[in-house]
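Colleague: Could you take a close look at one part of this model for me, namely the nonpolar patch on its surface, and then move on to the ring contacts and the cysteines? I am new to this, so please go slowly.

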Amino acid sequence: MAARPTWKGFLKVSLVNIPVKVFPATESSSTISFNQLHGEGQTRIQQKRWCPHCNREVPLSEIVKGYEFEKGHYVVLDEEDFEKVRPESTRVIDLVQFADDSSVDPMYVDRTYYLAPDGTMAAEAFAVMREGMKGKVGVGKLALYGREYLVAVRPFERGIAMHTLHHAAEIRSVDQIDELSSVPAKVKPEEIKLARQVIETFERPLDLATYKDEYREGLQRIIDAKIAGREVVSPTEEAPPKVVNLMDALRKSLDTVSAKKKAPAKAAIAKAPAAAKRKRA
């Protein structure tokens, strides 16, 4: 089934305006969702807006938005307050800066979308801009649905990818993690060397398509089995060994990897004489 655009607008670079369509780059439908039920009758639970002070259910018409500036103290904002700062939806992805494509830290990425030309007339300009941006990322703003988004745009295969970004103020500083204060600034060189050797044994070209959501697949098997009335058997779990001595754990890791690499080689050597005997026979 062909993907459907969720938004149409323009990609703007200086005086160039390219009509584009926006498509979500990820599938939220791959997540298994659940409803809350009453276990006794398997009836779906209803969520009610309840005011503990008035001891009654509150209709949506009586709900207001409040900002808690002190514990238990709120300032209420109405629609007029929001309208004063709400940007107009211009439907323009306005790129105001370009930088090397490695400039955007993955920490800042929120969601990813694909851009495609809106109509055959826009296709050539779209292709020219895509090729011109190779090795670069364009950063700008998008005003949409009463909100202003910070976005990054970069070439991606035949199309262009757009990432909505978190603002710097939304990224929590790593210094706020108190537990990191106990991490030593210096470690032993021999431990680093051994750790790198272990890491190197796992190095290979990255292909994320080889990784599957095993939790989701396992959950789906349980759901299918329950629907079919089959018994669900839980797999046995082995507890990970506790790391008592780092150097010992690293050495054992290297030994384990070496043993796994030698096993296929020994099996191949053993098969060779057997195959030669069958040919002589």
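**The nonpolar patch and other side-chain contacts**

Modeller: Please keep in mind that this model is predicted. Two strands, β7 (65-70) and β8 (73-77), each supply at least two residues of the nonpolar patch. The patch lies on the surface and is formed by Y67, F69, V75 and L77, which together have about 390 Å² of accessible area. One of these residues, Y67, has its place in strand β7, and Y67 counts as exposed, since its relative accessibility is 55%.

Turning to the rings, K65 lies over the face of F82, at 4.9 Å from the ring centre. As for rings that pair with each other, a search of the whole structure finds one aromatic pair. That pair is made by Y114 and F156, which are stacked, with 5.9 Å from centre to centre and 25° between the planes. Because Y114 lies in strand β10 (residues 109-117) and F156 in strand β12 (residues 147-156), the pair ties together parts that are 42 residues apart in sequence. Y114 is partly exposed, at a relative accessible area of 35%, and F156 is partly exposed as well, at 30%.

Last come the cysteines, where the structure holds zero disulfides. A disulfide is a covalent bond joining the sulfur atoms of two cysteines. For C51, the closest cysteine sulfur is that of C54, and it is 3.8 Å away, which is too far for a bond. C54 itself is partly exposed, with a relative accessible area of 42%.

Conventions. Residues numbered from 1 in each chain as written. Predicted model: local features only at pLDDT ≥ 70, side-chain atom pairs only at ≥ 80, totals over all residues. Heavy atoms only, no water. Disulfide = S-S within 2.5 Å. Buried < 20%, exposed > 50% of the residue type's maximum accessible area, 1.4 Å probe, protein only. Patch = residues over 30% accessible without salt bridge, like charges linked within 9 Å, V, L, I, M, F, W, Y side chains within 5 Å. Areas by Shrake-Rupley, 256 points an atom, 1.4 Å probe, with all protein chains shown as cover. Salt bridge = Lys/Arg side-chain N within 4 Å of Asp/Glu carboxyl O. Helix = DSSP H or I, 4+ residues; strand = E, 2+ residues; numbered from the N terminus. Phe/Tyr/Trp six-rings, centres within 6.5 Å; stacked < 30°, edge-to-face > 60°. Lys NZ or Arg CZ within 6 Å of the ring centre and 35° of its normal.
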